Amino acid sequence: MTIGIDKIGFATSQYVLKLEELAQARGQKIEKYTTGLMLDALSITPITEDIVTLAASAAQTILTDDDKAAIDMVIVATESGIDQSKAASVYVHQLLGIQPFARSVEMKEACYAGTAGLNYAKLHVEKNPDRKALVIASDIAKYGIASAGEATQGAGAVAMLVTSNPRIATFSDDNVAQTRDIYDFWRPNYSTTPFVDGIYSTKQYLDSLKTTWAEYQKRHQANLEDFAAFCFHLPYPKLALKGLKKIMPKGLDESFKSHLTNHFEASIQYSRKVGNIYTGSLYLGLLSLLENSQTLQAGDKIGLFSYGSGAVSEIFSLYLVDGFKEMLRSDRAADLEKRSALSIGAYEKLFYEEANLTEEGNAKFDTYDTGTFALEHIQNHQRIYVRKEHD
Ligand code: HMG
């Protein structure tokens, strides 16, 4: 029996900030973003779209009624949660109509927690091969107006269904993780945006990659040539490209190098247009690779580098299974083109709007475009979500 990812779904916001617009407003050259960070556009959410609506929208694109009857574990990984106590997965479980005898939990460790969620799901399915686990990595990355990280914001959710005998990819038992207690990026409870030591965070990302990769190689006698492709956490694609170059050994065959680089290009197609989606960003890279590579085949081994500030990192691998292409889409890029482009003023208002609560804890919102689900209002401090009728 194998265990792995049977389906992958993705949702993002209905609004986009093109980086030409941001460059002009912040007095930067557009090449700083398109070449320096390798980003073109960022997904921007209104107040009625949060990590719950994004997570539910991503999952509803892949789940059948049979899946909903077989899922008994719902994990939402996030670092932009909407409640300190109640898990986002409880709302998602209800919005999706998953059978009641399920475990629902929220997991956190910056951008890393989706990987922890997959590990938990894998253990669960190993013990219960006829059951399915839903793991959703959902986040809204907000750094603040005119902050250093502003051009790397984003929003989105990646939903993965973990099953036995999966139809996309199987997990290997080769995970190597590393924890180091650092302050490179963190967000105390009293702050709506993170504190970031930007350059230090990039050094920590690259050093965590180098040292975790060295340990992975030692434990598994592995070489880069064993992999058809490598996916990385994508705070912005340029950092991941530096990471790929870091793990390429001297003297690597030139044609293999260009093969890995082509796959890297395929893996950043969606993130270039969406920005950083924190926990989901590694898995958006995986989805982008699988949907945009013309050369991947069943049996290929894919390496993944997960990184969450603070910091926890992990390297592990997946094997593609026969027929994986049939479980994917070829027209996803067209969805991204449908997002409404925002002016700088509209972006600043939309992305940073806060709920204006009455003394009783009620708030109403203007109508905005969202995916299948929306936060309709807040009543007595309770968030009221709706499924939109047209979906
Ligand atoms: P910055 O001040 O925006 O940019 O900070 P910069 O001046 O360092 O320039 C960026 C790149 O653009 C440089 O390339 C410049 O040379 C280039 P590099 O030297 O790095 O190769 N550049 C140009 N290229 C072409 N034409 C031009 C031009 N001008 C400049 N005209 C920084 C960048 C990353 C610090 C900032 O964006 C930031 O603070 N970002 C947020 C933190 C972050 O993303 N860190 C990544 C590692 S931590 C992580 O991955 C975890 C995270 O996802 C959170 C979590 O785990 O929860 C963030």
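Let me start with Thr78, which is buried, with a relative accessible area of 1%, and which sits in the loop between β4, residues 71-77, and α5, residues 88-96. Please keep in mind throughout that what we are looking at is a predicted model. If you look at what surrounds this threonine, leaving aside residues up to four places away in sequence, Thr78 touches Ile51, Glu106, Met107, Lys108, Ser138, Asp139 and Thr279. With one of these residues there is also a polar pairing, in that a polar atom of the Thr78 side chain lies 2.7 Å from the backbone oxygen of Ser138.

A contrasting case is Asp66, which belongs to helix α4, residues 65-70. Asp66 has a relative accessibility of 62%, and because exposed means over 50%, it counts as exposed. Asp66 and Ile98 are separated by 32 residues in sequence, while their C-alpha atoms are 9.8 Å apart in space.

Let me turn now to the ligand. Which residues are closest to it? There are 28 residues around the ligand, and the closest are Glu79, Cys111, Ser201, His233 and Lys242. As for polar contacts, a backbone N or O atom of Cys111 is placed 3.2 Å from an oxygen atom of the ligand. Two lysines contribute through their side chains: a polar side-chain atom of Lys238 lies 3.0 Å from a ligand oxygen, and an N or O atom in the side chain of Lys32 is 3.4 Å from an oxygen atom of the ligand. On its own the ligand has 1100 Å² of accessible area, and the protein covers 74% of that.

Next, the sheets, and I will take two of them. One is an open sheet of three strands, in the order β3-β2-β15, and its pairing is mixed. The strands β3, residues 41-44, and β15, residues 340-341, stand at the edges with a single partner strand each, so each of them has one side that is left without a neighbour in the sheet. Strand β2, residues 15-18, pairs with β15 in the parallel sense over two bridges, and within that pairing Tyr15 stands opposite Ser340 of β15. Helix α1, residues 19-26, lies across β2 and β3, and runs at about 50° to β2.

The other sheet is also open and also made of three strands, here in the order β16-β17-β18, with antiparallel pairing. Its edge strands are β16, residues 363-364, and β18, each of which pairs on one side only. Helix α3, residues 51-60, packs on this sheet and touches β17 and β18, with a direction that makes about 150° with that of β17. How many bridges join β17 and β18? Strand β17, residues 373-379, and strand β18, residues 382-387, pair in the antiparallel sense over six bridges. Along that pairing, Leu375 stands opposite Tyr385 in β18, and His377 has Ile384 of β18 as its bridge partner. The two strands form a hairpin with two residues between them, and in the turn Asn380 has a positive phi of about 55°.

That brings me to backbone geometry elsewhere in the chain, where a few residues deserve a careful look. Met38 is not a glycine, and yet has a positive phi of about 65°. This methionine is found in the loop between α2, residues 30-37, and β3, and with a relative accessible area of 9% Met38 is buried. Ala146, again a residue other than glycine, has a positive phi near 65°, and its place is in the loop between β6, residues 132-141, and β7, residues 154-164. Is Ala146 buried or exposed? At 53% relative accessibility, Ala146 counts as exposed, whereas Met38 is buried.

My last point concerns a peptide bond rather than a phi angle. Gly310 and Ala311 are joined by a cis peptide bond, with omega of about 10°. Ala311 lies in the loop between β13, residues 301-308, and β14, residues 312-320.

To go back over the main points in a predicted model: Thr78 is buried, the protein covers 74% of the accessible area that the ligand has on its own, and a cis peptide bond joins Gly310 and Ala311.

Note on methods: Residues are numbered from 1 along each chain as its sequence is written. This is a predicted model: local features need pLDDT of at least 70, side-chain atom pairs count only at pLDDT 80 or more; totals for chains, interfaces and linings use all residues. Side-chain values use heavy atoms; hydrogens and water are left out. Two strands pair if DSSP finds at least two bridges between them. Helices (H or I, at least four residues) and strands (E, at least two) are DSSP runs, numbered from the N terminus. Contact means heavy atoms within 4.5 Å. Axes are lines fitted to C-alpha atoms, for helices over the stretch in contact, and angles run from 0 to 180 degrees between N-to-C directions. A residue is near a molecule or strand if one of its heavy atoms lies within 4 Å of it. A polar contact is a pair of N or O atoms within 3.5 Å; within protein, one must be able to donate a hydrogen and the other to accept it, and residues adjacent in sequence count only if both atoms are side-chain atoms. Accessible areas come from the Shrake-Rupley method with a 1.4 Å probe; for residues, only the protein chains shown count as cover. Buried means under 20% relative accessible area, exposed over 50%, partly exposed in between (1.4 Å probe, protein chains only).
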